There are 2 protein chains.
Amino acid sequence: MLAEIITIGDEILIGQIVDTNSAWMAQKLNEEGIRIKQISSVSDDKQHILKALAEAAQRADIILITGGLGPTKDDITKLTIAEYFGVGLVLNNEALQNVENIFKRYNRPLLEVNRKQAEVPANCEVILNNNGTAPGMWFNVAGKIYVSMPGVPFEMKNMMEDAVIPKLKQTLKLPVIIHKTILTVGEGESFLAEKIADIENDLPPNIKLAYLPKMGQVRLRLSAYGGDETSLQDKLEQFAGRIIERVGANVVAGEDIPLEKVILNYMAQREFTLSVAESCTGGYVSHLLTQHEGSSQVFLGGAVTYSNDLKENILGVKNETLYQFGAVSEQTATEMAEGALRQFKSDFSVAITGIAGPGGGSEDKPVGTVWIAVAKAGKTVAKKFTFGNKRLQNIERSAVGALFMLNTLMKES
Amino acid sequence: MLAEIITIGDEILIGQIVDTNSAWMAQKLNEEGIRIKQISSVSDDKQHILKALAEAAQRADIILITGGLGPTKDDITKLTIAEYFGVGLVLNNEALQNVENIFKRYNRPLLEVNRKQAEVPANCEVILNNNGTAPGMWFNVAGKIYVSMPGVPFEMKNMMEDAVIPKLKQTLKLPVIIHKTILTVGEGESFLAEKIADIENDLPPNIKLAYLPKMGQVRLRLSAYGGDETSLQDKLEQFAGRIIERVGANVVAGEDIPLEKVILNYMAQREFTLSVAESCTGGYVSHLLTQHEGSSQVFLGGAVTYSNDLKENILGVKNETLYQFGAVSEQTATEMAEGALRQFKSDFSVAITGIAGPGGGSEDKPVGTVWIAVAKAGKTVAKKFTFGNKRLQNIERSAVGALFMLNTLMKES
């Protein structure tokens, strides 16, 4: 089954916003076995939109359209789609009710332009928007499905999850697909592939394995197609079990979640607490953890100690350690981690100190040299990493390295 | 002048990566007065690529292509472009030299597949890749310009800046365009538009004003077209001056740089130092600052104090303050900022405490309530913000609010 995504609006074409919607939609459809043939971003221009719709319909069976549904004059998606199908607009009562409720809730007067948002092409089924005033629209014409949604990410995402994907599965009677994702850290794609080559060879034709690499991590996604769900599930778990056993310590999760969430979940369940001492990562590890709701149950806080003074004052790193071994050293990383454990009274701590670059490197310690230490009562582990010369990549890779070490230490407890 | 962008490769179509290249390219071209008509992401499929090239050439004069230039079999962009133009591949000596140099530098053996990377369609001009093995390719055929570049962001960006944009300007004799960007914080687009309506009306036809909003900030971009560069520059500065005067305290910069960089630059110049005390932003403000090279000149560090214990222990917030007013209060924010100033011995400090959500809200202090304080010796300013109920947005908006307050206090010094 093939789909296309069309995003409408000038914001993407002038580079004002990055199109994150399409990647999200592509991933969700991919998980249902729907392949994306093309993603097109086009301007708020009638002829251009009409042409893009016709071209997409030639290539694919499902056409998902986002954007151009606002109340202003330059939002012409709805009128253009009506013209494409040769129908007029009609007022939809449910959609009107939704608009009225939203305006009532925020105590704002309902203008005519807002009322107009409840008008939709006569041949569509309305998909209610629980988060905004523009309704989604579903069309099933000449064997092709078209869905028009707002471009606001959380409005689109809710519609996709609550309505569009279930309706696609039902309408198209999509075959059962089950996925099982294994998150690995610390080994490259080709190394992993070699390690599990024989298991991959044993996979039956209806189970596929995909390698999804991302910044020091590789997700292994097993997908099983067709037939009976329970027996598919069993088979998937069998193969996943073999892979997990083989890959061993590089496996951090048997589900599709971010690395830091693995740590938060595990620690929350065991009522462990965590603190962080960051130098070169400059708050990035703390940010990764605290972007997740509920992180306060585990994460007590931390220190961002860019200067040596703060390493001494907040974390209790000894002056002579800094003097003798330098800020980027096994000794300093160790004292930072142990200092965090002691000062912040957490069960676990992680410390990162390195040279993110582009300045600050030396022959001994070039840009990209990073020491990471993790600690719990009675045990500290420190390790040196050598990354490259790109500042942001060094920050991200250090964070992944730190979380991976923390995961290993944590799972011993 | 119209351009199109075609990105080639399955990673975008399966949602594995977000296409950030296109937005960057669109922005750069836009600044040169080149409008993007369409962005298309297509798969590594010969027929599909051929069709996309032909369609783009019908709509635009410049076609920029990224991706599919790797050494593996599924990278078919080069062969497909050769077929599109009906030419064969030839070995390019300069490109080969570049490949050989890279392999020598990393001490790896040169394989035949790598040598092949130096083969290019016979009708192209090679654009050297200083950061990788795949050469860029420039075609000028039947009045249309095609440029093929690698999909690796930093390789593409360097080629665009060093070669492609200068060559486009020269080849197409693009009219002179000068931009002047004013960064404002804290007021919405429509409010600003009303405030400067008469100035906007005074603009001559060859000067355009664009409003570019982004998370609590609006960039006002003035673009002047054609004619003599010096007199354009003068006119632009005149209008920019009037806008800056009118908008007043909401203007934070007269150039196109991120808000946190405004602060780093100003403080570096005056040798001021900064520390940060974060609760609900959880390290995000520190991360924003430290992602920039040279930030260590200004940023000493900070504390991420999620727990009340750490607010007391690291920042010296009084236990009775937390008890009496709560962690999210003017008093706590003030003591956090003053504590950071005192403990971390910086010239300036900023503190953020709030309820990012989705949990933790109450009737008194609903999710989205944030107190921010900024301090320098002898002066502390605190302010309450009420954001919405989305965790990540609350974190980002709090960071913008904090940096804006810091900017205001800093510029008094």
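Contact means heavy atoms within 4.5 Å. The exercises below use that cut-off on a predicted model, where local features need pLDDT of at least 70, side-chain atom pairs count only at pLDDT 80 or more, and totals for chains, interfaces and linings use all residues. Residues are numbered from 1 along each chain as its sequence is written, chains are lettered from A and ligands numbered from 1 in the order in which they are written, and side-chain values use heavy atoms, with hydrogens and water left out.

**Exercise 1. Chain A as a whole**

Task: Describe the contacts, burial, elements and extent of chain A.

Solution:
1. Take contacts in chain A between residues at least 6 apart in sequence. Of these, 67% join residues at least 24 apart.
2. Next, burial. Buried means under 20% relative accessible area, exposed over 50%, and partly exposed in between (1.4 Å probe, protein chains only). Of the 413 residues in chain A, 54% are buried.
3. Assign the elements. Helices (H or I, at least four residues) and strands (E, at least two) are DSSP runs, numbered from the N terminus. Chain A has 16 helices and 17 strands.
4. Box the C-alpha atoms along the principal axes. They fill roughly 80 × 55 × 40 Å.

**Exercise 2. Helix α5 of chain A**

Task: Check the length of α5(A), then find which residues are buried and which are exposed.

Solution:
1. The expected span is 1.5 Å times one less than the number of residues. For the 13 residues of α5(A), 93–105, that gives 18 Å, and the end C-alpha atoms are 18 Å apart, which agrees.
2. The buried residues are A:Ala95, A:Leu96, A:Asn98, A:Val99, A:Ile102 and A:Phe103.
3. Look down the axis of α5(A). The buried residues fall within an arc of 160°, so they line one face. The arc is that of the directions from the helix axis to the C-beta atoms.
4. This buried set packs against β4 (89–91) and α6 (112–115) of chain A.
5. On the other side, A:Asn93, A:Glu94, A:Lys104 and A:Arg105 are exposed.
6. Now the ends. At the start of α5(A), a side-chain oxygen of A:Asn92 reaches to within 3.1 Å of the backbone nitrogen of A:Glu94. After the helix comes A:Asn107, with a positive phi near 60°.

**Exercise 3. A buried strand residue, A:Ile65**

Task: Place A:Ile65 and list its contacts.

Solution:
1. A:Ile65 is in strand β3 (residues 62–66) of chain A.
2. With a relative accessible area of 1%, A:Ile65 is buried.
3. Set aside neighbours within four places in sequence. A:Ile65 is then in contact with A:Ile6, A:Ile8, A:Leu53, A:Thr77, A:Ile81, A:Val147, A:Ser148 and A:Met149.
4. Compare sequence with space. A:Ile65 and A:Gly136 are 71 residues apart in sequence and 9.8 Å apart, C-alpha to C-alpha.

**Exercise 4. Two buried polar residues of chain B**

Task: Find the polar partners of B:Gln38 and B:Asn129.

Solution:
1. Fix the criterion. A polar contact is a pair of N or O atoms within 3.5 Å; within protein, one must be able to donate a hydrogen and the other to accept it, and residues adjacent in sequence count only if both atoms are side-chain atoms.
2. B:Gln38 is in strand β2 (residues 35–42) of chain B. At 1% relative accessibility, B:Gln38 is buried.
3. The side chain of B:Gln38 makes a polar contact of 2.8 Å with the side chain of A:His48. Another, of 3.1 Å, goes to the side chain of B:Ser40.
4. Beyond four places in sequence, B:Gln38 touches residues including A:Leu13, A:Gln38, B:Ile5 and B:Arg59.
5. B:Asn129 lies in the loop between β6 (125–127) and β7 (136–141) of chain B. B:Asn129 is also buried, at 1% relative accessibility.
6. A polar side-chain atom of B:Asn129 lies 2.9 Å from the backbone nitrogen of B:Asn131. The side chain of B:Asn129 also reaches the backbone oxygen of B:Ala134 at 2.8 Å.

**Exercise 5. Empty space**

Task: Find the cavities, and say what lines the largest cavity.

Solution:
1. On a 1 Å grid over the protein atoms alone, a cavity is a set of points where a 1.4 Å probe fits but cannot get out; lining residues have an atom within 4 Å of a point.
2. The whole structure holds 2 cavities of 30 Å³ or more.
3. The largest cavity has about 130 Å³ of space.
4. Its lining has 16 residues; the closest to the centre are A:Asp19, A:Ser22, A:Ser41, B:Asp19 and B:Ser41.
5. Elements giving two or more residues to this lining are α2 (20–31) and β2 (35–42) of chain A, with α2 (20–31) and β2 of chain B.

Definitions and conventions. 1 Å grid on protein atoms, 1.4 Å probe; cavity = no way out; pocket = protein on both sides within 12 Å on 5 of 7 lines; lining within 4 Å. Points joined across faces, edges and corners; volume = space filled by probe spheres on them.
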